[in-house]
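Hi everyone, thanks for coming. Today I'd like to walk you through one structure, starting with a pocket and moving on to what sits beside it.

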Amino acid sequence: MVQPDQPHYNNLSEYRDKTFKQQVHKLHQLTVYGRWLFVGILWLTIGLLSLWGLRGEIALWQQYFTWVAVRYGLYYNPIPTLGLAICVGMTLGVLVWQSRNILWGIPSQEKRRLEQQVQRIRQQGPSHPLWKWVCQ
């Protein structure tokens, strides 16, 4: 007799297929969280150091803001400018990647990569670092 709380599956392959898709979705979510975590760490390290390097120019911009002052402030401080460019570029890259996945779905090549990675995680079993988050 089927319990109302538990899902009913006609056969075992349907159950396996559903759990496999859930595991692929979990892995994709972990990828999204990992990318945003990386961007956050970038901003907390390189971004803050770059802003600290531009603190004099930022004080000047607060008093007399012009685009020319911003241009020269960034031009004559290349290392902080490079740091900010890396942070902004990675942030925009993750935003575009996630927006594409939301609007048009995950591309088939990326789906295959995620499916292969889930299969490797399943084969390795509990010794894989992502086993807890993907397969349980």
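**The pocket and the core**

Let's begin with the largest pocket, which is lined by Asp17, Phe20, Lys21, Val24, His25, His28, Ile106, Lys111, Leu114 and Glu115. Before going on, please keep in mind that this is a predicted model, where local features need pLDDT of at least 70 and side-chain atom pairs count only at pLDDT 80 or more, while totals for chains, interfaces and linings use all residues. Residues are numbered from 1 along each chain as its sequence is written, and side-chain values use heavy atoms, with hydrogens and water left out.

How do we find empty space at all? Rolling a probe the size of a water molecule over the atoms shows where it is left. A pocket here is an open set of points on a 1 Å grid over the protein atoms alone, where a 1.4 Å probe fits, with protein on both sides within 12 Å along at least five of seven lines; lining residues have an atom within 4 Å of a point.

Which helix gives the most to the lining of the largest pocket? That is H1, with six residues. Helix H1 (12-53) and helix H5 (108-124) each supply at least two lining residues; helices are DSSP runs of H or I, at least four residues, numbered from the N terminus.

Now look at His28, one of the lining residues. His28 is found in helix H1 and is buried, because its relative accessible area is 8%, and buried means under 20% (1.4 Å probe, protein chains only). Beyond its neighbours within four places in sequence, His28 is in contact (heavy atoms within 4.5 Å) with Trp97, Asn101, Ile106, Glu110 and Leu114.

Leu114 lies in helix H5 and counts as buried, at 1% relative accessibility. With the same neighbours set aside, within four places in sequence, Leu114 touches Val24, Leu27, His28 and Thr31.

Leu114 also takes us to the largest nonpolar core, made up of nine residues: Phe20, Val24, Leu27, Leu114, Val118, Ile121, Trp131, Val134 and Cys135. Such a core is a set of buried Ala, Val, Leu, Ile, Met, Phe, Trp, Tyr and Cys residues joined through side-chain atoms within 4.5 Å. H1, H5 and helix H6 (131-135) each supply at least two residues of this core.

Finally, how many disulfides are there? A search of the whole structure finds zero, a disulfide being a pair of cysteine sulfur atoms within 2.5 Å.

Methods
Buried means under 20% relative accessible area, exposed over 50%, partly exposed in between (1.4 Å probe, protein chains only).
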